[in-house]
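The following exercises ask the reader to work from atomic coordinates to statements about confidence, burial and packing. Please examine the sequence and the model before attempting them.

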Amino acid sequence: MGARCSKFSLCWFHPHLKSSVLEASDLENGGKNEKEIWPSFTEFSLDQLKASTSGFSSDNIVSEHGEKAPNVVYKGKLDNDRWIAVKRFNRMAWPDSRQFLEEARSVGTLRSERLANLIGFCCQGDERLLVAEFMPHETLAKHLFHWDSQPMKWAMRLRVALYLGEALEYCSSKGRALYHDLNAYRVLFDKDGNPRLSCFGLMKNSRDGKSYSTNLAFTPPEYLRTGRVTAESVVYSFGTLLLDLLSGKHIPPSHALDLIRGKNFLMLMDSALEGHFSKDDGTELVRLASRCLQYEARERPNAKSLVTSLLSLQKEVEVPSHILMGIVHETASSTQQLSLTPFGEACLRVDLTAIHEILEKIGYKDDEGIANELSFQMWTNQMQETLNSKKHGDTAFRAKDFSTAIDCYTQFIDGGTMVSPTVYARRCLSYLMNEMGQEALGDAMQAQVISPDWPTASYLQAACLFSLGMETDAQETLKDGTSLEAKRNKN
C-alpha cells in the first residue's frame, strides 16, 4: 500500500481527458483514424430495422412523449451487436423520397465526436427512417430537470455548454449551420458520459414546416415573424440551453432577461449548486446567455465566438466526464465484478451525497480502540478547545456547510491532542465537495495511516482517485477496500 500511496501524491494530474477540450482542428475525429471509430453511411432494409427493434416494440421507445409523438425514436441492436437509435417518421412527413434521401445523405457525411452521428437510413414504400449512433446515458433534460441522486456538477455544465458550442461550430464549418428545435432533449450522453448533439435536428423538417415544437416562449423572435430558421436562430436556442444549465430549470428567456437586467441574475442560479461555483464564472455564463438571446439576430455571437468564450471557463478538465456525471464506466469491468457495500458503491460512482449520508450515519463508531495517550496537563489545558472544534465541525458537516467543516476539522487536527480517522474521512469528503481532490486524497491516505485495516479509508481513496481521473489506481484501491471489508466480516 505504501508504495502506491507515494505514486498517488506525485502523479495526481492525469492525461486521461487530454482530448476532452478539443481544438477545432481535432473535432472531426479526435485525433483518431476516422475509419476505426465510425461506420460508413448505409442504407438499411425495413426488415433489418424491424428485427433490431423487436418489431418496433413500444418497450424500445426512447423518445420523449412515447408513442404519442409524431416521429418516434426506438433503441435497436444490429446483428453485429452495435446499438442504434432508429427514428421512424410519420407516414406523411416526407412525401418526396428524393428530398428525404438528399437530406439524409448530406447529414450522413458529418462525423464528429460532438454529434450522435447519422449512420444510415431506410426509404422503403412510404416508410422513412433514420439510423444514428445510440447514446446510452439519457438526455440533458433528464440530468438537469429530473436527476435522481445528485445534481449535475458545475464543471460538467460548463463542459456541456462547450461541447455543444463545438458541435454547432463543426456543423457550421461543414455547411450545416441550421439546427431545428435545439433543446435539452436533443443533447444526449454517450458511453463515456460525454454530451453529444443529436443529428436528427440537422434534418430539415418536412412539409409541416414546424421547426420548433417547444412552447412559443422559447422560440426565437424572428422565427415567429418569418417562420424561417437561420444560423442566428440556432444561437438564440443555444442561449436558452445556457439558461437551463445555469438554473437547472426551463426558464422562459423573457423572464430570465428581466432578472439579468435587474441585476438579480443570482436568482437564476440552480440552488443545488450553492457554494459550488464562483460568482465570476456565473456572471460570465449569464453574460454569454444574454448575448445569445439578443432580440436583434445580428447582435448575437456566432458559434466560433461561443467556443472561444466557453473554453476559458472550463473547470476540472483532467477529470473524465463519466466521473463528473457519476456514471459507472464500461471499462470498469473489474470493479463491476466486486461485491461492494453501499459505501463502496457510492465511492465507485463518486456519489458525494450518498457518501455524506453514510458517513453521517456511521458517526464515530470506527474510532473505537484508537489510542489517544495524552498527559494530564494536555487533557486539562487543550481538550475542551479540541472537542469544541470537532463539535462545530460535526454541526457544519451535518448541515452540509463543507467549507466551515474543513476549517473546524483543521483546528481539531492541528491541535494535536487527539487522533481520529473519522475526522480525516469527514474532512476528505468536505474537500471533495469543494472540488479539492488532491487535498481529499491526502486525508483519505492519512486516515489509513492511523487505521490501516479500515475499509472506509480505502473506499474514500478510490473516490478521490476517480475524481482526479486516475481510474486504474482507483479500481485497485477499491479492491483493497473490499478485501479489508471481507477480512473484517470474517472476524
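The exercises below concern this predicted model, and each is followed by a worked solution.

**Exercise 1. Determine how confident the predictor is along the protein chain, and state which elements have the lowest and highest mean pLDDT.**

Solution. Step one takes the chain as a whole: its mean pLDDT is 83, and 84% of its residues reach 70 or more. Step two goes to the individual elements. Helix α1, residues 2-10, has the lowest mean pLDDT, 36, while strand β8, residues 195-198, has the highest, 97. Step three locates stretches with pLDDT below 50. One of them covers residues 1-36, which have 73 contacts in the model beyond near neighbours in sequence. Another covers residues 331-336, with 12 such contacts.

**Exercise 2. Summarise the overall architecture of the protein chain: its elements, burial, contacts and exposed area.**

Solution. Begin with secondary structure: the chain has 21 helices and 8 strands. Next, consider burial: 53% of the 491 residues are buried. Then turn to contacts with a sequence separation of 6 or more; 67% of these join residues 24 or more positions apart. Finally, the chain exposes about 22,800 Å², of which carbon and sulfur atoms supply 49%.

**Exercise 3. Identify the members of the largest nonpolar core that touch the most other members, and describe the surroundings of phenylalanine 238.**

Solution. The largest nonpolar core contains 123 residues. Those touching the most other members are Leu130, Leu140, Phe238, Leu242 and Ile355. Helix α6, residues 154-173, gives this core its largest share, 13 residues. A second core, separate from it, has 14 residues, among them Phe44, Ile61, Val72 and Leu78. For phenylalanine 238, set aside neighbours within four places in sequence; the contacts that remain are Ala161, Leu164, Gly165, Leu168, Leu182, Cys292, Leu306 and Leu310. As a general background to such packing, nonpolar side chains in soluble globular proteins tend to be buried together.

**Exercise 4. How many disulfides does a search of the whole structure find, and how far is the sulfur of cysteine 347 from the closest cysteine sulfur?**

Solution. The search finds 0 disulfides. For cysteine 347, the closest cysteine sulfur belongs to cysteine 428, at 8.3 Å. A disulfide requires sulfur atoms within 2.5 Å, so this distance is too far for a bond. Cysteine 347 is buried, at 0% relative accessibility. Cysteine 292, one of the contacts of phenylalanine 238, is likewise buried, with a relative accessible area of 0%.

**Exercise 5. For helices α8 and α18, check the span against expectation and decide whether each is enclosed or open.**

Solution. Helix α8, residues 231-247, has 17 residues and should span 24 Å at 1.5 Å a residue. Its end C-alpha atoms are 25 Å apart, which agrees. Because 15 of its 17 residues are buried, α8 is largely enclosed by the rest of the structure. Glycine 248 follows this helix with a positive phi, near 70 degrees.

Helix α18, residues 421-433, has 13 residues and reaches 19 Å from its first C-alpha to its last, close to the expected 18 Å. Here 13 of the 13 residues are buried, so α18 too is largely enclosed by the rest of the structure. Glutamate 435 follows α18 and has a positive phi, near 60 degrees. In space, the C-alpha of glutamate 435 is 9.9 Å from that of phenylalanine 277, although the two residues are 158 apart in sequence. Phenylalanine 277 itself is in the loop between α9 and α10; beyond neighbours within four places, its contacts are Trp154, Leu266, Met269 and Gly282.

**Exercise 6. Classify aspartate 181, lysine 400 and glutamate 103 as buried or exposed, and give the location of each.**

Solution. The cut-offs are under 20% relative accessible area for buried and over 50% for exposed. Aspartate 181, in the loop between α6 and β7, has 5% and is therefore buried. Lysine 400, in the loop between α16 and α17, has 51% and is therefore exposed. Neither is a glycine, yet phi is positive in aspartate 181, about 60 degrees, and in lysine 400, near 65 degrees. Glutamate 103 lies in helix α4 and, at 8%, is buried. Its contacts, apart from neighbours within four places, are Trp94, Arg176, Leu202, Met203 and Lys204.

Key: Residues are numbered from 1 along each chain as its sequence is written. This is a predicted model: local features need pLDDT of at least 70, side-chain atom pairs count only at pLDDT 80 or more; totals for chains, interfaces and linings use all residues. Side-chain values use heavy atoms; hydrogens and water are left out. A nonpolar core is a set of buried Ala, Val, Leu, Ile, Met, Phe, Trp, Tyr and Cys residues joined through side-chain atoms within 4.5 Å. Buried means under 20% relative accessible area, exposed over 50%, partly exposed in between (1.4 Å probe, protein chains only). Helices (H or I, at least four residues) and strands (E, at least two) are DSSP runs, numbered from the N terminus. Contact means heavy atoms within 4.5 Å. Accessible areas come from the Shrake-Rupley method with a 1.4 Å probe; for residues, only the protein chains shown count as cover. The expected span of a helix is 1.5 Å times one less than its number of residues. pLDDT is the predictor's confidence in each residue, from 0 to 100.
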